[in-house]
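Grab a viewer and work through the exercises below. Each one has a task and then a solution in steps.

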Amino acid sequence: MNVWMIAAAALVLALVPCGIVVCRGSTVNRLVGLELASLVFTLTMILLAEGTNESFFYTLALTNALLGFPATLVFVHFLRDRL
Amino acid sequence: MISILLLMSVVIIWLCCAGLLVMRGPYAKLHYLGPVSSLGVVIIAAAVVVKHPISSNTLQAVVVALVLLLTNPVLAHATALAAQTYEQKRSHTPEAEGKDES
């Protein structure tokens, strides 16, 4: 257990308030909660990569960072045009 | 040094998550994405650079930080625009205006 793993555990706990926002409230509020959860997840992967010295976590972090952008834009598109 | 940087980033992220939970309305909640995607990401990338000054890990962490720094302001703006359009559509529905459709 090193400082990176402790920080990663703390960020995993930070996903709980994001999950509460995603489960409650209006559609747009839930989308904002999902965006923050995606950010926190990406940062958690970076910390896990350094804590475990496994470089594949960096691949996960980069993939989530790159794919989270169009994924969120899809939700935004549906909010604007379809709902 | 690394411990201090990680503690700072964790505190910033925790405060933003708490703000997201407490604030009412999407426009207020959107403000709490900013510190995470700018400060939090940069501080964690800095901690990685301090640990490995020149390595592939550093490059990957910096690339992830750059992607998040560049994309999240665009997402926040798009989300705010979508929220405004969504609210306008809902306020202009017949039920919202109390119109009689019969």
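**Exercise 1: The largest pocket**

The largest pocket holds about 200 Å³ of space. Keep in mind that this is a predicted model.

Task: work out which residues line the largest pocket, and how the lining divides by class.

Solution.
- Step 1. Start with chain A: the lining includes A:Ile20, A:Val21, A:Arg24, A:Gly25 and A:Asn29.
- Step 2. Now add chain B, which brings in B:Leu21, B:Val22, B:Met23, B:Arg24, B:Gly25 and B:Lys29.
- Step 3. Look for the elements behind them: helix H1 (3–23) of chain A and H1 of chain B each supply at least two residues.
- Step 4. Sort by class, and you get five nonpolar, three polar and three charged residues.

**Exercise 2: The cavity**

Task: say how many cavities of 30 Å³ or more a search of the whole structure finds, then describe the lining of the largest cavity.

Solution.
- Step 1. The search turns up one cavity of 30 Å³ or more.
- Step 2. Its volume comes to about 100 Å³.
- Step 3. There are 13 lining residues, and the closest to the centre are A:Ser38, A:Gly68, B:Leu68, B:Asn72 and B:Leu75.
- Step 4. Three helices give two or more residues to this lining: H2 (27–52) and H3 (56–82) of chain A, plus H4 (56–91) of chain B. H3(A) has the largest share, with five residues.
- Step 5. By class, the lining has five nonpolar, seven polar and one charged.

**Exercise 3: Where the chains meet**

Task: build up a picture of the contact between chain B and chain A, from its area down to its salt bridge.

Solution.
- Step 1. Count residues: chain B puts in 45 and chain A puts in 44.
- Step 2. Get the area: about 3800 Å² is buried between the two chains, with carbon and sulfur atoms giving 80% of it. On the chain B side, B:Trp14, B:Leu75 and B:Tyr86 supply 15% of what that chain buries against chain A, more than any other three residues.
- Step 3. Check the polar side: four residue pairs are in polar contact (both at pLDDT 80 or more), and the salt bridge count is one. That salt bridge joins A:Glu50 to B:Lys51, with the closest N and O atoms 3.2 Å apart.
- Step 4. Map chain B's side onto its elements: helices H1 (2–22), H2 (26–30), H3 (34–51) and H4 of chain B each give two or more residues. H4(B) gives the most, with 20 residues.
- Step 5. Finish with the classes on that side of chain B: 31 nonpolar, eleven polar and three charged.

Note on methods. Residues numbered from 1 in each chain as written. Chains lettered and ligands numbered in written order. Predicted model: local features only at pLDDT ≥ 70, side-chain atom pairs only at ≥ 80, totals over all residues. Heavy atoms only, no water. 1 Å grid on protein atoms, 1.4 Å probe; cavity = no way out; pocket = protein on both sides within 12 Å on 5 of 7 lines; lining within 4 Å. Points joined across faces, edges and corners; volume = space filled by probe spheres on them. Helix = DSSP H or I, 4+ residues; strand = E, 2+ residues; numbered from the N terminus. Nonpolar A, V, L, I, M, F, W, Y, C, P; charged D, E, K, R; others polar. Contact = heavy atoms within 4.5 Å. Buried area = accessible area lost by both parts, 1.4 Å probe. Salt bridge = Lys/Arg side-chain N within 4 Å of Asp/Glu carboxyl O. Polar contact = N/O pair within 3.5 Å; in protein donor to acceptor, adjacent residues only side chain to side chain.
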